[in-house]
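Q: Hey, I'm new to this one. Could you walk me through it?
A: Sure, here it is.

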Amino acid sequence: MRILTFCSLYILLLSSLPVNAEPQVIRYNISDQFVDPKQSYYIDLLRLALDKSRERYGDYQLQAVVSEMAQARTVQLVQKGELDLVWTMTSIDRERRLTPVYFPLLKGLMGYRIAIIRRQDKQMFADIESVEELQVIPVGQGSDWPDSDILQKQGFTLVRGAAHSLLSMLDMHRFDYFLRALHEPWDEVLGHPSLMIDPSFAIIYPSPIYFFVNPDDKKLAERVEYGLRNALLDGSFEALFNNHAITSQVIERANLPLRRIFTLDNPLLSQESKNLLSEKELWFNF
């Protein structure tokens with residue numbers, strides 16, 4: 001009787017343990033035609049978050065889905081469940097349509113904007129002293145980027161275009177400057193001898209990039225946030241941010257202390273995103 005009871009308890013215990021025979025598959029989009037080297041940072045950070053949550057949530061498998069699509073289309077595919085996750089700048093609309101993981105992946109670096117300009121216009125931008133002067137000069141941004149809406153709502157003279165065409169449009173005088181996040185323009189100007197990175201000013205506004213998941217997949221959102229928070233606590237997130245090839249040394253290269261800084265509001269921030277601004281350890285500050 002005692003043996004039978006022991007065996008019964010053992011079987012009951014085994015049946016209560018989680019079964020993780022199959023790893024959790026997480027699908028995300030990458031481009032084959034317009035390869036963006038910056039995507040390696042987000043993939044590495046996603047892998048870090050999943051590693052830091054493996055003990056609680058089990059094994060995983062990342063699956064890249066290669067297709068050519070704009071940000072808005074990628075958001076739609078996550079919403080429909082054809083992709084599991086996307087990383088993108090936040091907006092109130094995106095937070096309503098998907099489940100955001102409220103953790104700024106780049107510490108807000110996307111909101112530190114410097115300009116790619118034509119070399120012949122260097123002195124024109126060196127003479128800029130106010131936001132009002134910048135607002136009347138046509139600026140180029142991506143058709144479906146939240147940045148475009150932020151700048152337009154702030155009174156900038158905006159010209160929208162396909163992301164892969166914006167440098168050519170600048171070269172062809174369709175607009176006069178192209179705002180890029182601090183870590184973005186250094187490789188982009190290579191091969192464009194008529195263009196340069198303006199050294200004189202920077203625009204700053206709060207602009208977090210989040211991981212977003214399908215609204216029906218709360219468990220994936222919980223897992224990614226749990227892993228990111230663990231990485232923040234043990235220092236591995238900061239180590240990745242400081243040492244990754246995409247972000248390392250960009251602060252020094254941008255030379256922010258010598259630039260005129262123009263600070264803007266972000267009218268596209270939800271209350272949840274505004275609440276994160278008080279967590280100083282999540283944000284970059286030069």
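A: Keep in mind that this is a predicted model. A good place to start is an open sheet of 3 strands, in the order 3-11-4, with antiparallel pairing.

Q: Which strands are at the edges?
A: Strand 3 (85-89) and strand 4 (99-101), each of which pairs on one side only. From one strand to the next, the twist averages 35°.

Q: How many bridges link strand 4 and strand 11?
A: They pair over 3 bridges, in the antiparallel sense. As for strand 11, Phe212 there is the bridge partner of Pro100.

Q: And which strands does helix 2 touch?
A: Helix 2 packs on the sheet and touches strand 3 and strand 11, with its direction at about 125° to that of strand 3. Helix 4 (residues 71-80) also lies across strand 3 and strand 11, and it runs at about 140° to strand 3.

Q: Back to helix 2: at what angle does it pack with helix 11?
A: About 90°, and the axes of the two helices are 7 Å apart. Helix 2 and helix 11 are therefore roughly perpendicular. Residues making the contact include Leu45 and Leu46 of helix 2 and Val224 and Tyr226 of helix 11. The contact residues divide into 9 nonpolar, 2 polar and 3 charged.

Q: New topic: how much space is in the second largest pocket?
A: About 300 Å³.

Q: What lines that pocket?
A: Among the lining residues are Lys107, Tyr112, Pro206, Trp283 and Phe284. The lining divides into 7 nonpolar, 3 polar and 2 charged residues.

Methods: Residues numbered from 1 in each chain as written. Predicted model: local features only at pLDDT ≥ 70, side-chain atom pairs only at ≥ 80, totals over all residues. Heavy atoms only, no water. Axes fitted to C-alpha atoms, helices over the stretch in contact; angles between N-to-C directions. Helix = DSSP H or I, 4+ residues; strand = E, 2+ residues; numbered from the N terminus. Parallel < 35°, antiparallel > 145°, perpendicular 65-115°, else oblique. Contact = heavy atoms within 4.5 Å. Nonpolar A, V, L, I, M, F, W, Y, C, P; charged D, E, K, R; others polar. 1 Å grid on protein atoms, 1.4 Å probe; cavity = no way out; pocket = protein on both sides within 12 Å on 5 of 7 lines; lining within 4 Å. Points joined across faces, edges and corners; volume = space filled by probe spheres on them. Pairing = 2+ DSSP bridges.
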